[in-house]
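Student: I have a structure to read and do not know where to start. Can we take it step by step?
Tutor: Yes. Ask short questions, and we will answer each in turn.

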Amino acid sequence: MAKKTTGGIGIQKSSFDFLGALKKHNNREWFNEHKDDYLRELKQIEIFADALLEDLSAHDVIETASGKQSLFRIYRDTRFSADKTPYKTHWSGSFKRATSSRRGGYYFHIEQGNSFIGGGFWGPSADDLKKVRDDISFDPSPIKKIINSKLFKSTFGSLEGEQLKKIPRGYDAAHEAADLLRYKQYLLIRRFTDEEVLSPHFRKEAGKAFAAMRPFFDYMSEVLSSDANGL
């Protein structure tokens with residue numbers, strides 16, 4: 001059950017300011033000296049994530065139990081990275097839809113100059129990719145109707161994600177939906193300016209972006225939870 005929150009809970013300027021300072025002083029000594037500041041701002045982000053969870057739970061069934069549980073750690077894994085800075089310079093979290101019949105995931109990312117509400121399928125398995133491509137190959141009209149809708153275009157602009165340079169083997173290179181068959185990821189992204197993030201309306205706009213993902217998620221869930229006969 002989602003934790004109840006009220007009002008226009010959003011992102012505080014102090015949370016943005018902390019990220020800016022961390023970007024300038026991305027080392028353990030500075031972070032340890034400002035640990036209390038970090039914990040205070042982290043609590044504000046938890047409250048914001050709780051609010052997002054409340055809004056999501058009004059139209060979807062979410063497995064993630066709380067805003068706190070949605071958050072990603074600020075500590076970077078530097079083992080295999082050329083960038084050895086120890087901390088992320090953004091706040092982020094994700095919400096998982098409940099049960100295997102509800103596919104797709106929700107994500108938020110708060111960073112100076114690069115904030116967005118996102119969702120979709122970041123790393124679909126080979127089996128899932130084949131199911132989606134087979135469905136699009138058979139009849140692309142359902143997915144085209146969704147991504148060409150006024151709501152989708154006004155919210156996300158277009159479908160995003162990595163694509164193959166050529167149509168995958170086994171599919172017609174001249175297919176009317178060849179561009180959709182080349183996708184390796186299916187991402188829905190609504191970007192926000194810093195001013196929009198700090199606006200009292202940001203929580204509402206973030207919630208609207210999440211809600212606008214549902215037609216795409218419902219389509220993908222049906223495709224990925226049924227067999228080749230649609231059962």
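Tutor: One definition comes first: buried means under 20% relative accessible area, exposed means over 50%, and partly exposed lies in between. Keep in mind that this is a predicted model.

Student: Is R103 buried, partly exposed or exposed?
Tutor: Start with the cut-offs: under 20% is buried and over 50% is exposed. R103 has a relative accessible area of 21%. That value falls between the two cut-offs, so R103 is partly exposed.

Student: Where is R103 placed?
Tutor: Look at the stretch that joins two strands. R103 sits in the loop between strand 1 and strand 2.

Student: How far apart in space are R103 and V223, C-alpha to C-alpha?
Tutor: In sequence, 120 residues separate R103 and V223. R103 also has contacts with F217, S221 and L224, among others. F217, S221, V223 and L224 are among the buried residues of helix 11. From C-alpha to C-alpha, R103 and V223 are 9.7 Å apart.

Student: How many residues of helix 11 are buried?
Tutor: Helix 11 covers residues 214-224 and is mostly covered. The cover on its buried residues includes strand 2, strand 3, strand 4, helix 5, helix 6 and helix 10. Of the 11 residues in helix 11, the buried ones number eight.

Student: Which residue in the loop between strand 1 and strand 2 has a positive phi without being glycine?
Tutor: The loop runs between strand 1 (91-96) and strand 2 (105-110). One residue there has a phi near 70°, and its type is not glycine. At 46% relative accessibility it counts as partly exposed. The residue is T99.

Student: What is the relative accessibility of F108?
Tutor: F108 is in strand 2. Its contacts, leaving aside neighbours within four places in sequence, include I45, F48, L52, W91, F95 and F116. F108 counts as buried, because its relative accessibility is 0%.

Student: Which residues touch the most other members of the largest nonpolar core?
Tutor: This core has 58 residues. Its largest share, eight residues, comes from helix 3 (residues 35-57). F95 touches F108, and also A49, L52, L53 and L56, among others. The residues that touch the most other members are W91, F95, F108, Y186 and F216.

Student: Is F18 buried or exposed?
Tutor: F18 belongs to helix 1 (residues 13-24). Leaving out residues up to four places away, F18 touches W30, F31, H34, D37, Y38, E41 and W91. Its relative accessibility is 6%. The cut-off is under 20%, so F18 is buried.

Student: How far apart in space are F18 and G161?
Tutor: Along the sequence, F18 and G161 are 143 residues apart. In space, C-alpha to C-alpha, the distance is 30 Å.

Student: And how far apart in space are K88 and L22?
Tutor: K88 lies in the loop between helix 4 (67-70) and strand 1. It counts as partly exposed, at 23% relative accessibility. K88 is in contact with L22, and also with F72, R73, I74, Y75 and R76. The two are 66 residues apart in sequence, and their C-alpha atoms are separated by 8.5 Å.

Student: Now the whole protein. What is its radius of gyration?
Tutor: The protein has 11 helices and four strands. For 231 residues the globule rule gives 17 Å, and the value here is close to that, so the protein is as compact as a globular protein of that length. The radius of gyration is 19 Å.

Student: What share of the contacts with a separation of 6 or more joins residues 24 or more positions apart?
Tutor: Count the contacts in the protein with a separation of 6 or more. Residues 24 or more positions apart account for a share of 68%.

Student: What share of the exposed area comes from carbon and sulfur atoms?
Tutor: Of the 231 residues, 45% count as buried. The protein exposes about 12800 Å². The carbon and sulfur share of that area is 52%.

Student: Last one: how far apart are the centres of the positive and negative side chains?
Tutor: There are 37 positive and 32 negative side chains. The centres of the two sets are separated by 1 Å.

Note on methods: Residues numbered from 1 in each chain as written. Predicted model: local features only at pLDDT ≥ 70, side-chain atom pairs only at ≥ 80, totals over all residues. Heavy atoms only, no water. Helix = DSSP H or I, 4+ residues; strand = E, 2+ residues; numbered from the N terminus. Buried < 20%, exposed > 50% of the residue type's maximum accessible area, 1.4 Å probe, protein only. Rg over C-alpha atoms; globule rule 2.2 N^0.38 Å. Contact = heavy atoms within 4.5 Å. Areas by Shrake-Rupley, 256 points an atom, 1.4 Å probe, with all protein chains shown as cover. Lys, Arg positive; Asp, Glu negative; His and termini not counted. Charge placed at Lys NZ, Arg CZ, Asp CG, Glu CD. Core = buried A, V, L, I, M, F, W, Y, C linked by side-chain atoms within 4.5 Å.
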